[in-house]
Amino acid sequence: MLDAGAGPGRFTIEIAKLGAQVQVAELSPVQLQLNADRVGASGWEHAVTGRALADICDLSMFADGAFDTLVAFGGPLSYTADHADRALSELCRVTRPGGHVLLSVMSCAGAVRAFLPQLLDEDRRFGAAHGDTIVRTGDLARETNNGHECHMYRWSELARLLNGHGDIVGASASNFVSLQNDEAIEGASDAERERILHWEMELCREPGALDGGTHILAVLTPDRPAGMP
């Protein structure tokens, strides 16, 4: 399994716990070292088959169909901005026919919902057009986003992108139910938290909820590339 855009190892560790052997790929040398440190400290380094300094827009060090499953969680596709189509092509290329690409992107609607106070504060600093542009385009600019450029998606936009590369197996919001409900969850009993988790898993898959969490998750079966048996 390839953990693409793996960052400091949050998902690497969870993938390892599921019993998978994990190849880590990450663009930032700092994040790659953090991945090694945190995965090692967690006791799951034995599940890592290798670490590569790699941009998800260029995975040329990996052969076509090299992995049964590819995971790109946490929003690395959002950070490719205008190159998302090329990045998704690479993610699909290195996934074997019949395999799955699991990915998440940042949600425009969910982010506005979650971070409305911050957005209003930014409007006061940068002008009202700032917030209007984010809502209209989903784009966060380097100049107003601490040097980070990224794109937040609506589900309709993400679906169009995915449909150009394969078949969508499933989709879900993340934290649709729990978003902005920290106090209620912290005060809940263990049994109540189990029920909340059940509600989360059920309701996040509803079409009307897909845009409502901070991220949108999707599973894709890639098209078979031309020339691949």
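**Note on the predicted model: sheet, helices and cysteines**

1. Helix H1 (residues 10-17) lies across S1, S2, S3 and strand S4 (67-72), and runs at about 170° to S2. Helices (H or I, at least four residues) and strands (E, at least two) are DSSP runs, numbered from the N terminus. Axes are lines fitted to C-alpha atoms, for helices over the stretch in contact, with angles from 0 to 180 degrees between N-to-C directions. Helix H7 (residues 155-163) also packs on the sheet, where H7 touches strand S5 (95-106), S8 and strand S9 (215-222). The direction of H7 makes about 155° with that of S8. Contact here means heavy atoms within 4.5 Å.

2. A word on the basis of this note. This is a predicted model, in which local features need pLDDT of at least 70 and side-chain atom pairs count only at pLDDT 80 or more, while totals for chains, interfaces and linings use all residues. Residues are numbered from 1 along each chain as its sequence is written, and side-chain values use heavy atoms, with hydrogens and water left out.

3. Now the sheet itself. Seven strands make an open sheet with mixed pairing, in the order S3-S2-S1-S4-S5-S9-S8. Strand S3 (48-53) and strand S8 (166-173) are at the edges; each has a single partner strand, so one side of each lacks a neighbour in the sheet. From one strand to the next, the twist averages 15°. Strands pair if DSSP finds at least two bridges between them. Strand S1 (residues 2-4) and strand S2 (residues 22-26) do so in the parallel sense, over three bridges, and Ala4 stands opposite Ala25 in S2.

4. Back to H1, and which of its residues are buried? They are Thr12, Ile13, Ile15 and Ala16, where buried means under 20% relative accessible area (exposed is over 50%, partly exposed in between; 1.4 Å probe, protein chains only). These residues cover an arc of only 165° around the axis, which puts them on the same side of H1; the arc is that of the directions from the helix axis to the C-beta atoms. Their cover includes S1, S2, helix H2 (29-42), S3 and S4. Gly19 follows H1 and has a positive phi, near 100°.

5. Two other backbone angles may catch your eye. Ala81 is not a glycine, yet its phi is positive, near 50°; Ala81 sits in the loop between S4 and helix H3 (84-93). Gln180, also not a glycine, has a positive phi of about 65° and is found in the loop between S8 and helix H8 (182-186). Most residues other than glycine have a negative phi.

6. How many disulfides does the structure hold? Zero, taking a disulfide as a pair of cysteine sulfur atoms within 2.5 Å. The cysteine sulfur closest to that of Cys57 is in Cys92, 13 Å away and too far for a bond. Cys57 is buried, at 11% relative accessible area. For Cys150, the nearest cysteine sulfur is that of Cys108, at 10 Å; Cys150 is buried as well, at 2% relative accessibility.

7. Finally, the chain as a whole. The chain has nine helices and nine strands, and 44% of its 229 residues count as buried. Its radius of gyration is 18 Å, in agreement with the value near 17 Å for a compact globule of 229 residues (taken over C-alpha atoms; the rule is 2.2 Å times the number of residues to the power 0.38). Among contacts between residues at least 6 apart in sequence, 73% join residues at least 24 apart.
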